[in-house]
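Please open the model in a viewer and keep the sequence panel at hand. The stops below are given as selections, each followed by what is to be found there.

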Amino acid sequence: MIYIFLIFAALLAVSYVAGRHRATAVAGGDVRRLHSRPIYYGWSVALSAFLPPFIIFVLYAFGSLLPLGITQYGNTVLVLIALAGLAGLAFSYTRINPEFRARNVVEQIVRGLLLACALVAIATTLGIIFSLISESAQFFRSYPWQNFFFGTTWESQSYDRGMSQLGLLPLLWGTLYISFIALLFAVPIGLFAAIYMAEYASPRVRGLVKPVVEVLAGIPTIVYGLFALMTVGPLLRDWIAIPAGLGSTGSSVMTAGLVMGIMLIPFVSSLSDDIINAVPQSLRDGSLGLGSTHSETVRKVVLPAALPGVIGAILLAASRAIGETMIVVLGAGAMGTISVNPFEAMTTITVKIVGQLTGDSDFTSPETLVAFALGLTLFVITLGLNILALYIVRKYREQYE
């Protein structure tokens with residue numbers, strides 16, 4: 001692999017220098033005779049020498065798209081990449097002349113590369129969707145979809161098709177319950193912190209508080225999980241759950257929800273702070289000029305203007321909460337149950353996806369394939385949240401404009 005990257009680097013360097021020298025030579029040393037600047041001639045040769053071998057390398061990486069002999073023998077691939085690069089270099093080098101529109105060629109190649117990058121993102125998304133749908137279809141061929149979507153019991157017995165009960169509702173309830181508690185804790189604190197930093201804090205205080213809050217986003221989730229397991233869970237159990245007769249375990253929905261809420265605070269506060277600061281100062285000045293107080297300006301002018309962005313920040317935090325795993329594993333347990341008691345142990349969809357695919361998995365059994373059905377369900381939920389967010393953002397933006 002290192003030899004391939006060295007070939008690429010050598011091709012780019014040699015081709016770029018050769019293209020610039022060739023352009024200067026055909027212009028007789030007077031670059032004003034050239035259609036484009038010499039740098040564009042260098043890049044036109046470099047890109048022409050780089051793209052053909054890069055395409056071959058990508059096809060080789062996928063393996064099945066090239067003949068068997070090429071995928072097996074690395075020396076053959078190296079020779080083929082080198083020859084393709086030299087051919088591209090020679091072709092682009094020989095067509096350089098003062099009238100050659102090198103800048104237009106480079107811009108077209110770069111535009112094509114940008115389009116290819118966009119298509120890669122789209123193809124990746126389509127590939128994920130296709131894999132989820134195909135594996136989920138295989139799961140539903142061996143397990144009734146009615147029992148999955150409407151089942152209220154989750155009891156997975158590995159490779160035992162007769163005893164497993166794979167009901168979605170307990171996992172869906174745990175996911176939404178824990179996420180709701182996390183957002184109930186994170187959204188008010190994060191939003192009020194953002195309003196304070198954007199509208200009331202001095203530059204010195206803002207410069208100190210904002211980095212400290214953002215440090216929370218850099219803490220690994222496993223650390224939050226340990227914090228939930230060793231500190232928050234026992235405190236809630238000893239001080240609230242046991243005295244109130246609501247439970248006797250430290251692993252609970254409330255434990256995972258509170259710790260997850262702490263983790264989500266910087267997502268809400270930092271994004272909301274940037275959005276509030278983006279509101280034009282002229283709106284604030286106009287409100288204050290009409291006699292409104294600072295707090296009235298914030299409530300009736302700034303927040304309505306920033307509302308679409310704030311909703312986007314909250315939806316981002318919600319997606320982060322729904323997809324969290326480690327905090328739930330250590331803080332809420334792995335029990336698939338339906339209960340309104342926040343001090344009982346529950347679990348989420350993501351935890352069960354990991355559990356079903358961990359260990360010696362048989363990808364022909366429903367107990368393993370159910371992970372893909374759970375993933376598809378989670379994908380649909382997240383897509384629904386995004387569609388709802390777009391609808392709300394457009395509605396309020398039209399009202400404000």
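Select Glu135, which is partly exposed because its relative accessibility is 24%, a value between the 20% limit for buried and the 50% limit for exposed residues. The model is a predicted one. Glu135 is part of helix H5. Show its surroundings next: apart from neighbours within four places in sequence, Glu135 is in contact with Leu369 and Phe372. For a sense of scale, draw a distance from Glu135 to Ala313; these residues are 178 apart along the chain, and their C-alpha atoms are separated by 32 Å.

**The largest pocket**

Remain with helix H5 and colour residues 102-142, then add helix H2, residues 38-62; each of the two supplies at least two residues of the lining of the largest pocket. Which helix gives the most to that lining? It is H5, with six residues. To display the lining, select Phe50, Leu51, Phe54, Ile55, Ile109, Gly112, Leu113, Ala116, Cys117 and Val120. The space in this pocket amounts to about 290 Å³. By residue class, the lining holds nine nonpolar residues, one polar residue and no charged residue.

Helix H2 also contains Tyr60. With a relative accessible area of 24%, Tyr60 is classed as partly exposed. A distance drawn from Tyr60 to Val302 spans 54 Å between C-alpha atoms, for residues that are 242 apart along the chain.

**Salt bridges**

How many salt bridges does a search of the whole structure find? The search yields seven. Begin with Glu199 and Arg284, whose closest N and O atoms are 2.8 Å apart. Glu199 belongs to helix H7 (residues 169-200) and Arg284 to helix H11 (residues 281-289), so this salt bridge ties together parts that lie 85 residues apart in sequence. Are these two residues buried or exposed? Both Glu199 and Arg284 are buried.

Move on to Lys210 and Asp273, a salt bridge with 2.9 Å between the closest N and O atoms. This pair also links distant parts of the chain, with Lys210 in helix H8 (residues 203-215) and Asp273 in helix H10 (residues 253-277), 63 residues apart. Lys210 counts as buried because its relative accessibility is 13%. Asp273 is buried as well, at 0% relative accessibility.

The next selection is Glu324 with Arg320, where the side chains form a salt bridge with an N to O distance of 2.8 Å. The two partners fall into separate accessibility classes: Glu324, at 4% relative accessibility, is buried, whereas Arg320, at 28%, is partly exposed. Then select Arg206, Lys210, Asp273 and Asp274 together; salt bridges with shared partners join these four into one network.

**The nonpolar cores**

Turn now to the largest nonpolar core, which has 31 residues. Which of its members touch the most other members? They are Ile178, Met260, Leu264 and Ile327. Two or more residues of this core come from each of H7, helix H9 (221-244), H10, helix H12 (294-322) and helix H13 (326-331). The greatest contribution is that of H10, with nine residues.

Centre the view on Ile327 and display its contacts: beyond the neighbours within four places in sequence, they are Thr221, Tyr224, Gly225, Ala256, Val259, Met260, Met263 and Ala332. A second core, separate from the first, has 18 residues, among them Tyr143, Leu171, Ile349 and Leu374.

**A buried loop residue**

The last selection is Phe343, located in the loop between H13 and helix H14 (349-357). Why does Phe343 count as buried? Its relative accessible area is 8%, and the cut-off for buried is under 20%. Residues up to four places away in sequence aside, Phe343 touches Leu236, Ile240, Ala241, Leu246, Gly247, Thr249, Ser252 and Met254. Finally, draw the C-alpha distance from Phe343 to Ser248: the two are 95 residues apart in sequence and 8.2 Å apart in space.

Key: Residues numbered from 1 in each chain as written. Predicted model: local features only at pLDDT ≥ 70, side-chain atom pairs only at ≥ 80, totals over all residues. Heavy atoms only, no water. Helix = DSSP H or I, 4+ residues; strand = E, 2+ residues; numbered from the N terminus. Buried < 20%, exposed > 50% of the residue type's maximum accessible area, 1.4 Å probe, protein only. Core = buried A, V, L, I, M, F, W, Y, C linked by side-chain atoms within 4.5 Å. Contact = heavy atoms within 4.5 Å. 1 Å grid on protein atoms, 1.4 Å probe; cavity = no way out; pocket = protein on both sides within 12 Å on 5 of 7 lines; lining within 4 Å. Points joined across faces, edges and corners; volume = space filled by probe spheres on them. Nonpolar A, V, L, I, M, F, W, Y, C, P; charged D, E, K, R; others polar.
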